[in-house]
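I opened my notebook to look up a few things in this structure, one entry at a time. Here is what I wrote down along the way.

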Amino acid sequence: MTDQVVRVGIVEDEALMRGMLEQTLSAEPNLTVVHSVPGVTEARLVFTPGSVDVALLDVHLPDGNGVALGVQLQRQDPQLAVMLLSSEDVMGLFTSVQADAPRPWSYLSKRSSFARDVLVRAVAATASGQVVVDPYLVQRSEPRGGSAVADLTPAQFGVLRLVAEGLSNQAAGERLGINTRSVESHLKSIYQRLGIDGDGSNRRVAAVLAFIEQTGRTWRT
């Protein structure tokens, strides 16, 4: 997926926001916006199976909501990746759909969507099968007492935070001022401490899901 052009579909009722998303994503050589519609009714008509790689769905729509729409679209197309957009804290809804989703969902606040690098990185990571959580929420997340995540060292928790934001190992290393091998070493230790087996991509997703489930956070508007 990373070497292919990612086809993006947008469902957003605010015309200004929809236009900003179209403009930002269309400017990227590896992304193309194939659908951009204001509501559930239009999305059901144009989001046919196989036509979209990543669906960006506003949670609150005038004729429904993005969560129910995402569930319906993924049932029709299990390969479809879904990213929720919201101006409110919908972490509970976001978490609740992960267990039964054929592909993990991502979640970005509209506040972060205005940051080009955050939006583009999140769409690309979601297309490749990763879970991306809004950086604003990730940086305000703290481990729940007694959880496996709480037993991580501060350095390991810092790496896991950046992975949850959708950063690659190289980008995480640059952010932390360490080399990529050190990030890989931290990730190996994180997987062991969280009891995560499997291959590379699945372990990365499982680690982010553990981060979501085993941390608490505050949301301020």
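**Entry 1: salt bridges**

I began with the charged pairs in this predicted model, and the count came to eight salt bridges.

I looked up aspartate 53 and found it in a salt bridge with arginine 7, where the closest N and O atoms are 3.0 Å apart. Aspartate 53 lies in the loop between helix H2 (40-46) and S3, while arginine 7 is in strand S1, so this pair ties together parts that are 46 residues apart in sequence. Are the two partners buried or partly exposed? I noted that aspartate 53 is buried because its relative accessible area is 11%, under the 20% limit. Arginine 7, with a relative accessible area of 28%, is partly exposed.

Next I went to lysine 110, which forms a salt bridge with aspartate 58; the closest N and O atoms there are 3.2 Å apart. This pair also links distant parts of the chain, with lysine 110 in helix H5 (residues 110-113) and aspartate 58 in strand S3, 52 residues apart. Both lysine 110 and aspartate 58 are buried.

My third pair was glutamate 142 with arginine 161, and their closest N and O atoms are 3.3 Å apart. Here the link runs from strand S8 (residues 141-143), home of glutamate 142, to helix H8 (residues 154-164), home of arginine 161, across 19 residues. Glutamate 142 is partly exposed, at 46% relative accessible area. Arginine 161 counts as buried, at 15% relative accessibility.

Which residues do salt bridges with shared partners join into one network? I wrote down Glu12, Glu14, Asp58 and Lys110.

**Entry 2: helix H8**

Arginine 161 made me curious about the rest of its helix. I found that nine of the 11 residues of H8 are buried, so the helix is largely enclosed by the rest of the structure. The buried ones are Gln156, Phe157, Gly158, Val159, Leu160, Arg161, Leu162, Val163 and Ala164. Just after H8, I spotted glycine 166 with a positive phi of about 95 degrees.

**Entry 3: the sheet**

In what order do the strands of the open sheet lie? I read off S2-S1-S3-S6-S7, five strands with parallel pairing. Strand S2 (31-37) and S7 are the edge strands, as each pairs on one side only. From one strand to the next, the twist averages 20 degrees.

I then followed one edge. Strand S1 (residues 6-11) pairs with S2 in the parallel sense over six bridges, and valine 11 has valine 37 in S2 as its bridge partner. Helix H1 (residues 15-26) packs on the sheet and touches S1, S2, strand S3 (54-58) and S6. The direction of H1 makes about 160 degrees with that of S2.

At the other edge, four bridges join strand S6 (residues 81-86) to S7, and these two run parallel. Serine 86 stands opposite serine 109 in S7. Between S6 and S7 the chain passes through helix H4 (residues 91-98), and I noted that this β-α-β crossover is right-handed.

Which way do the side chains of strand S7 (residues 106-109) point? Ser106 and Leu108 point one way, Tyr107 and Ser109 the other way, and all are buried.

**Entry 4: the nonpolar cores**

How many residues make up the largest nonpolar core? I found 50, and those with the most contacts inside it are Val11, Phe47, Leu84, Phe94, Val133 and Leu194.

I looked at valine 11 again, leaving aside residues up to four places away in sequence. Its contacts include Val37, Ala43, Phe47, Leu56, Leu61 and Leu69. Apart from this core lies another, of 22 residues, among them Val8, Leu25, Leu31 and Leu85.

**Entry 5: methionine 20**

My last look-up was methionine 20, which has its place in helix H1. Methionine 20 counts as buried, at 14% relative accessibility. How far apart are methionine 20 and arginine 116 in sequence and in space? I noted 96 residues in sequence and 9.8 Å in space, C-alpha to C-alpha.

Terms used: Residues numbered from 1 in each chain as written. Predicted model: local features only at pLDDT ≥ 70, side-chain atom pairs only at ≥ 80, totals over all residues. Heavy atoms only, no water. Buried < 20%, exposed > 50% of the residue type's maximum accessible area, 1.4 Å probe, protein only. Pairing = 2+ DSSP bridges. Right-handed = clockwise from strand over helix to strand, strands pointing away. Axes fitted to C-alpha atoms, helices over the stretch in contact; angles between N-to-C directions. Contact = heavy atoms within 4.5 Å. Core = buried A, V, L, I, M, F, W, Y, C linked by side-chain atoms within 4.5 Å. Salt bridge = Lys/Arg side-chain N within 4 Å of Asp/Glu carboxyl O.
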